[in-house]
Amino acid sequence: MNWRLRLTWWDLTLLAVMAIGVVLAVVRYAGGIATVANINNAYPWGWWVGYGIMTMIAAGGVGFTITLLVEVFGVHRFHPLLRPAVLMALLCYSGAIVMLMVELGRPWMVWMILVSWAPTAALYEVGWCAFLYLSVLAFEFAQVPLEELGWGRVLRITRMIYMPLMLLGVTLSHLHQSSLGTLMTLIPHKINVLWWSEQLPLLYLFSAMMAGPALAILEYLAAARWLGFEPRMEMLASLARIEAWLVGLFLAFQVGDLVSRGAVGAALSGGWLALSFWVEIGLGLLLPFVLLILPEVRQSRGGLATASALVLFGLLLHRLNVTVIGLRVRHWETYIPSLGEIGITLGITAGAMFVFGVLVRILPIHEELTPAPASPRRAAGPAGVLRGARRDCGGIGRGR
């Protein structure tokens with residue numbers, strides 16, 4: 001484990017944004033939520049939920065998406081993406097929970113959801129599944145520092161129970177990703193016809209699955225540039241082909257759902273809501289789909305980064321359209337996110353990015369930076385998601 005770390009200008013920028021977020025959070029707790037937020041009775045959730053909960057948890061779908069591809073479907077050529085994917089998912093879920101505690105105002109009571117029995121409530125299922133999945137992610141990632149510290153006995157125990165916990169984590173992620181959509185189906189009178197649908201649970205689940213490969217590609221390309229290793233473009237091109245299918249299927253599903261509900265007229269009616277819908281469809285789905293089906297784009301770092309960023313932008317806009325922009329309110333009721341809301345959000349996001357940047361430099365998160373041992377020996381237990389892949393054996397684990 002390399003503890004020698006030199007802060008870059010990017011690290012210092014993230015620390016400055018984090019400091020602003022901390023100051024705003026102190027103001028929020030000292031003076032109440034009204035001192036930093038513009039949410040009101042008409043817009044009770046606002047930016048913190050639309051971005052902080054709905055979008056960050058969806059982005060955390062990168063963990064179960066890549067794990068599903070490698071560990072369940074056996075596509076071991078994507079093994080180098082596993083450690084970063086699990087770490088990103090862990091930080092996305094942690095950031096979402098921190099943002100929720102800032103919004104609720106009593107973080108010391110967050111554990112109450114574990115003892116407040118309400119099995120028929122969608123929000124209860126979201127809370128329980130998110131808490132359990134966060135625990136599974138922490139367990140999965142813990143194997144990396146355990147391996148580096150040489151705690152062989154503890155590591156063998158964790159690998160013995162890894163497979164059932166991995167399957168549990170994938171299942172839990174599917175459940176609460178769809179349950180976030182279930183929450184929104186409960187208020188058909190509040191959401192514009194362009195976005196309210198009985199299929200929102202499936203739309204939320206599929207959009208999280210679509211966002212996973214996009215975030216994995218974007219992170220891998222950024223890491224290759226900042227950490228100085230050569231990216232495996234053939235691996236990224238293969239994942240981009242899968243992403244093209246996911247984006248295309250989600251686009252067809254969303255448009256087909258719009259037609260089946262008879263909401264095409266609302267999409268063609270003009271106005272700001274229709275414009276937001278078409279920006280979501282055009283820039284967030286159609287354009288990246290066209291880019292991803294082009295072979296020359298899949299072989300280009302810039303092309304893959306652009307297409308992946310557009311997919312994530314489309315995810316963010318879709319969640320904001322459902323939870324904030326598309327809410328039906330009286331004409332005098334308005335909501336614009338305050339600088340305090342945005343500042344706290346950026347501070348938490350910067351914190352997740354800073355922690356990720358530190359960990360990828362002190363731990364062997366990216367296999368390209370991990371030298372292979374001269375005489376590897378196989379450790380007891382299953383290979384697991386977070387063990388390095390041997391260059392000549394696909395997804396077979398590498399002993400330390």
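Here are three short exercises on this predicted model, each with a worked solution.

**Exercise 1: a helix and its end**

Work out how the span of H9 compares with the span expected for a helix with 28 residues.

*Solution.* Start by finding H9, which covers residues 233-260 and includes Val259. Next, take the span: from the first C-alpha of H9 to the last is 40 Å. Now set this beside the expected value, which at 1.5 Å a residue is also 40 Å, so the two are close; the expected span is 1.5 Å times one less than the number of residues. Finally, step just past H9, where Gly262 has a positive phi of about 70°. While you are here, look at the surface: Val259 belongs to a nonpolar patch with Val255, Val264, Leu268 and Trp278, and together they have about 440 Å² of accessible area.

**Exercise 2: two packed helices**

Describe how H3 and H7 pack.

*Solution.* Two packed helices are described by an angle and a distance between their axes. For H3 (residues 61-72) and H7 (residues 162-185), the angle is about 135° and the axes lie 10 Å apart. That angle makes H3 oblique to H7, because only angles over 145 degrees count as roughly antiparallel. To finish, add the handedness: H3 and H7 cross in a left-handed way.

**Exercise 3: a charged pair**

Find which parts the salt bridge of Glu147 ties together.

*Solution.* The structure has 6 salt bridges. In one of them, Glu147 pairs with Arg83, with 3.6 Å between the closest N and O atoms. Then place each partner: Glu147 sits in H5 (residues 122-149) and Arg83 in H4 (residues 82-104), so the pair links parts 64 residues apart in sequence.

Notes. Residues numbered from 1 in each chain as written. Predicted model: local features only at pLDDT ≥ 70, side-chain atom pairs only at ≥ 80, totals over all residues. Heavy atoms only, no water. Patch = residues over 30% accessible without salt bridge, like charges linked within 9 Å, V, L, I, M, F, W, Y side chains within 5 Å. Areas by Shrake-Rupley, 256 points an atom, 1.4 Å probe, with all protein chains shown as cover. Salt bridge = Lys/Arg side-chain N within 4 Å of Asp/Glu carboxyl O. Helix = DSSP H or I, 4+ residues; strand = E, 2+ residues; numbered from the N terminus. Axes fitted to C-alpha atoms, helices over the stretch in contact; angles between N-to-C directions. Parallel < 35°, antiparallel > 145°, perpendicular 65-115°, else oblique. Left-handed = near helix turned anticlockwise from the far one by under 90°.
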